[in-house]
Each structure stands twice: as C-alpha cells, then as structure tokens.
Amino acid sequence: MTSRNKAKGSAWERAIVEHLRSAGWPFAERRLAGAAKDRGDIAGVVGVVIEAKNTASRNLAGWIDETEVKRNNDGAWLGVVWHKRTGKASAADGYVTMTGAQFTELLARALDIQPALPVNNEGEAA
C-alpha cells in the first residue's frame, strides 16, 4: 500500500471511530495493524468486527470474505465492511455491508426475538 493510500485508509478509520464515539460507543478505537491473526480495523464495539475501506474500486464479495476471516479470528458474532461513499467525508454517509445471514442475526438481536423457523416449499416448518 502506498503512503497516500495508507493515509486515506487511516483517515477513514479515524472518521469511523469519531462517528462511533459520538453515537455512544466511547471505547471505539483503531486496532494496531500487523497482528498475526487480524481482527479487523476498528475495536471497541463488543462482538463486532469492522473492516474499513476507502477505495474507489469496489470488491464487496472479497471484502466480505476478508471480514469473515477476521470475524472468526476475533470470535465476534458480527462482521461488517464500512466503506467510504464517493464524494462524502462523513462516516455517517458511508455504506455498511454484511451478509444477509448476519443482517437477520442483527435484527434478531436488536429486536430481542428468535428468528422464525425456516419453511419448506409447502409452507411448513422445515
């Protein structure tokens, strides 16, 4: 990574941390790079791995795969990619990407409910 790209990435990580802190996660912080088992870019949100991306090119599938490895390294229940929106500086304007399975887990935890049992083609519990 060139120093210019590294600076862009670091600035985006700082923007995410500042946003999280202002939204009520006071322990959010950037992780130190270089760990043998990478656990994502942002720490301090218990159970969540955040991978920050600030690049014009998009590789959502690759980013999600990378985040899943880091989520497993951390033992977290949720892993997300928080990527910068072109032309916007605020992390609040960025995009957060996750798998559908993780989104339904997030909804279940947020609403404190158990997801419904999956159904088969006949509409019966599988």
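Which element gives the most to the lining of the second largest pocket? Keep that in mind while we walk through this predicted model.

**Get your bearings**

Colour by secondary structure to begin. The protein has three helices and five strands, and going from the N terminus the order of elements is α-β-β-β-α-β-β-α. Now colour by accessibility: 30% of the 126 residues count as buried.

**Select the pocket lining**

Next, pick out His19, Leu20, Ala23, Trp25, Val45, Val48, Ile50, Leu78, Val80, Trp82 and Val96, which line the second largest pocket. Its volume comes to about 220 Å³. Three elements each give two or more residues to this lining: helix H1 (3-22), strand S3 (48-53) and strand S4 (78-83). And there's the answer to the opening question: S4 gives the most, with three residues.

Try colouring the lining by residue class. You'll get ten nonpolar residues, one polar and no charged ones.

**Zoom in on Leu78**

Stay with the lining and centre on Leu78, which is part of strand S4. Is Leu78 buried or exposed? Its relative accessibility is 5%, and since the cut-off for buried is under 20%, Leu78 counts as buried. While you're here, draw a C-alpha to C-alpha distance from Leu78 to Val46: you should get 9.5 Å, for two residues that sit 32 apart in sequence.

**Slide over to S3**

Now select S3 and show its side chains. Why is this strand described as largely enclosed by the rest of the structure? Because six of its six residues are buried. Look at the strand one face at a time. One side carries Val48, Ile50 and Ala52, the other Val49, Glu51 and Lys53, and all of these are buried, leaving both faces covered. Val48 and Ile50 should look familiar, as they belong to the pocket lining too.

Switch on backbone bridges to see how S3 meets S4: the two strands pair in the parallel sense, over six bridges. For a handy landmark, find Glu51 and look across to Val81 in S4, which stands opposite.

**Last stop: the rings**

Finally, show the aromatic side chains. How many aromatic pairs does a search of the whole structure find? Zero. There is a charge over a ring to look at, though: select Arg109 and Trp77. The charged end of Arg109 sits over the Trp77 ring, 4.0 Å from the ring's centre.

Definitions and conventions. Residues are numbered from 1 along each chain as its sequence is written. This is a predicted model: local features need pLDDT of at least 70, side-chain atom pairs count only at pLDDT 80 or more; totals for chains, interfaces and linings use all residues. Side-chain values use heavy atoms; hydrogens and water are left out. On a 1 Å grid over the protein atoms alone, a cavity is a set of points where a 1.4 Å probe fits but cannot get out, and a pocket is an open set with protein on both sides within 12 Å along at least five of seven lines; lining residues have an atom within 4 Å of a point. Grid points are joined across faces, edges and corners, and a volume is the space filled by probe spheres set on the points. Helices (H or I, at least four residues) and strands (E, at least two) are DSSP runs, numbered from the N terminus. Ala, Val, Leu, Ile, Met, Phe, Trp, Tyr, Cys and Pro count as nonpolar, Asp, Glu, Lys and Arg as charged, and the others, Gly among them, as polar. Rings of Phe, Tyr and Trp (its six-membered ring) pair if their centres lie within 6.5 Å; planes under 30 degrees apart count as stacked, over 60 as edge-to-face and the rest as tilted. A charge sits over a ring if NZ of Lys or CZ of Arg is within 6 Å of the ring centre and within 35 degrees of the ring normal. Buried means under 20% relative accessible area, exposed over 50%, partly exposed in between (1.4 Å probe, protein chains only). Two strands pair if DSSP finds at least two bridges between them.
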